[in-house]
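Trainee: I am new to this structure. Could you take me through it?

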Amino acid sequence: MAITIGERIDVFGGLASTGATTGEILAFDPAAAHLAAVGELAVPVHDAAGVVLDGAVMIFGGGSGAPGSVVQHVDPSGVTRVIGNLPTARADLGAVAIGNSAVVVGGGAFGVLPPEVLATEDGVQFRTVATLISAVRYPAVAEAGGRIYVIGGEGASGETPDIQRIDLATGEVELIGRMQNPISHASAMVIGGRIFVVGGRSAGIAQDAIWQVDALTGASRLVARLPQPASDFALAVIRRVGYAIGGETDTQIAWIVAIVVD
């Protein structure tokens, strides 16, 4: 999981090359092409989600051996502490910040996929703001124009191509389109108001495609390709450039790839 903080990207936790869950916090400076360890999570996790609220990072769920419900707070000085819990354990989820709220989408644990979309301002109190049409884990999640896009993922019947759009003002969830193939383990980014879905897996096979998704119609078109197929990487944007960090093919990848969109 990667989060843009000013002119740097911080990467929180994940799976190390040994396959073990790490709590390490890494800071990447694209201008200097420098990556350094800067701290540790209070609870090591992978497959978590996070946002920035009021200058601090809030990290939701994830797992280490088993999915968890812990909410962690990382202050600007790098001090990390546990501040609360999700209503139920969730890993393989997404999160976005809208206004003063963090919104948690998708994920699940122990074979249960909660469809509830949750919002919180403090990481302690959560409320349901919408309900997914199809509950999924490993979706690509993005916010554009105040709406949340939940793209693909793994549902109860396997991978899905569905693109679900959440309007938090009304609580309405619409199925606005479908990707050209079922996809999961992908990442999403928004540059200039445009939504891009990067990498991922289809039928368990890592993908190299970068798709642009129309926010109104849900139509998708292929616009570029990664240097090699990859999934499950951290993705964040600085100055209209996306940076994919780490990830997997058949094995783990130790790369940082800049994605420049015209």
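The questions below go through sheets, salt bridges and a few single residues.

Trainee: Before we start, what kind of model is this?
Mentor: Keep its origin in mind throughout. The model is predicted.

Trainee: In which order do the strands of the four-stranded open sheet run?
Mentor: Four strands make up this open sheet, and their pairing is antiparallel. The edge strands are β13 (140-144) and β18 (172-178), each of which pairs on one side only. On average, neighbouring strands here are turned by 25° against each other, direction ignored. The order is β13-β14-β17-β18.

Trainee: How many bridges link β13 and β14?
Mentor: Strand β14 covers residues 147-151. It pairs with β13 in the antiparallel sense. The number of bridges is five.

Trainee: Which residue in β14 is the bridge partner of Ala144?
Mentor: Look at where β13 ends: its range is 140-144. Then cross to β14, residues 147-151. The partner of Ala144 there is Arg147.

Trainee: Which strands stand at the edges of the three-stranded open sheet?
Mentor: The order in this sheet is β24-β25-β26, with antiparallel pairing. Each edge strand has a single partner strand, so one side of each is left without a neighbour in the sheet. The edges are β24 and β26 (256-260).

Trainee: By what angle are neighbouring strands of the β24-β25-β26 sheet turned against each other on average?
Mentor: The pairing in this sheet is antiparallel. The angle is an average over neighbouring strands, with direction ignored. It comes to 25°.

Trainee: Which residue in β26 pairs with Ala244 as its bridge partner?
Mentor: β25 and β26 pair in the antiparallel sense over five bridges. Ala244 has its bridge partner in β26. That partner is Val257.

Trainee: How many salt bridges does the model hold?
Mentor: Side chains of opposite charge can pair when their charged atoms come close. The rule asks for a side-chain nitrogen of Lys or Arg within 4 Å of a carboxyl oxygen of Asp or Glu. By this rule the count is 10.

Trainee: How far apart in sequence are the parts tied together by Arg137 and Asp92?
Mentor: Their side chains meet in a salt bridge, 2.8 Å from N to O. Arg137 lies in the loop between β12 (127-131) and β13, and Asp92 in the loop between β8 (80-85) and β9 (94-98), so the pair ties together parts apart in sequence by 45 residues.

Trainee: Is Asp92 buried or exposed?
Mentor: The cut-off for buried is under 20% relative accessible area. Its partner Arg137 has 27% and is partly exposed. Asp92 has 8%, so this residue is buried.

Trainee: Which residues are joined into one network by shared salt-bridge partners?
Mentor: Arg137 also forms a salt bridge with Glu154, with the closest N and O atoms 3.2 Å apart. Glu154 lies in strand β15 (residues 154-155), so this pair ties together parts that are 17 residues apart in sequence. The network consists of Asp92, Arg137 and Glu154.

Trainee: Which strands hold Arg178 and Asp162?
Mentor: These two residues form a salt bridge, the closest N and O atoms being 3.0 Å apart. Arg178 is exposed at 52%, whereas Asp162 is buried at 11%. Their strands are β18 for Arg178 and β17 (residues 162-167) for Asp162.

Trainee: Which residue offers its backbone oxygen to a polar side-chain atom of Ser187 at 3.2 Å?
Mentor: Ser187 lies in strand β19 (residues 187-191). At 12% relative accessibility, Ser187 counts as buried. Its contacts beyond four places in sequence include Ala140, Phe196 and Leu235. The backbone oxygen at 3.2 Å belongs to Phe233.

Trainee: What is the phi of Asp54?
Mentor: Most residues other than glycine have a negative phi. Asp54 is not a glycine, yet its phi is positive. This residue lies in the loop between β5 (49-53) and β6 (56-60). The phi of Asp54 is about 55°.

Trainee: And what is the relative accessibility of Arg239?
Mentor: Arg239 also has a positive phi, near 50°. Its place is in the loop between β24 (234-238) and β25 (241-245). Arg239 counts as exposed, with a relative accessibility of 67%.

Technical notes:
Residues are numbered from 1 along each chain as its sequence is written. This is a predicted model: local features need pLDDT of at least 70, side-chain atom pairs count only at pLDDT 80 or more; totals for chains, interfaces and linings use all residues. Side-chain values use heavy atoms; hydrogens and water are left out. Two strands pair if DSSP finds at least two bridges between them. Helices (H or I, at least four residues) and strands (E, at least two) are DSSP runs, numbered from the N terminus. Axes are lines fitted to C-alpha atoms, for helices over the stretch in contact, and angles run from 0 to 180 degrees between N-to-C directions. Buried means under 20% relative accessible area, exposed over 50%, partly exposed in between (1.4 Å probe, protein chains only). A polar contact is a pair of N or O atoms within 3.5 Å; within protein, one must be able to donate a hydrogen and the other to accept it, and residues adjacent in sequence count only if both atoms are side-chain atoms. Contact means heavy atoms within 4.5 Å.
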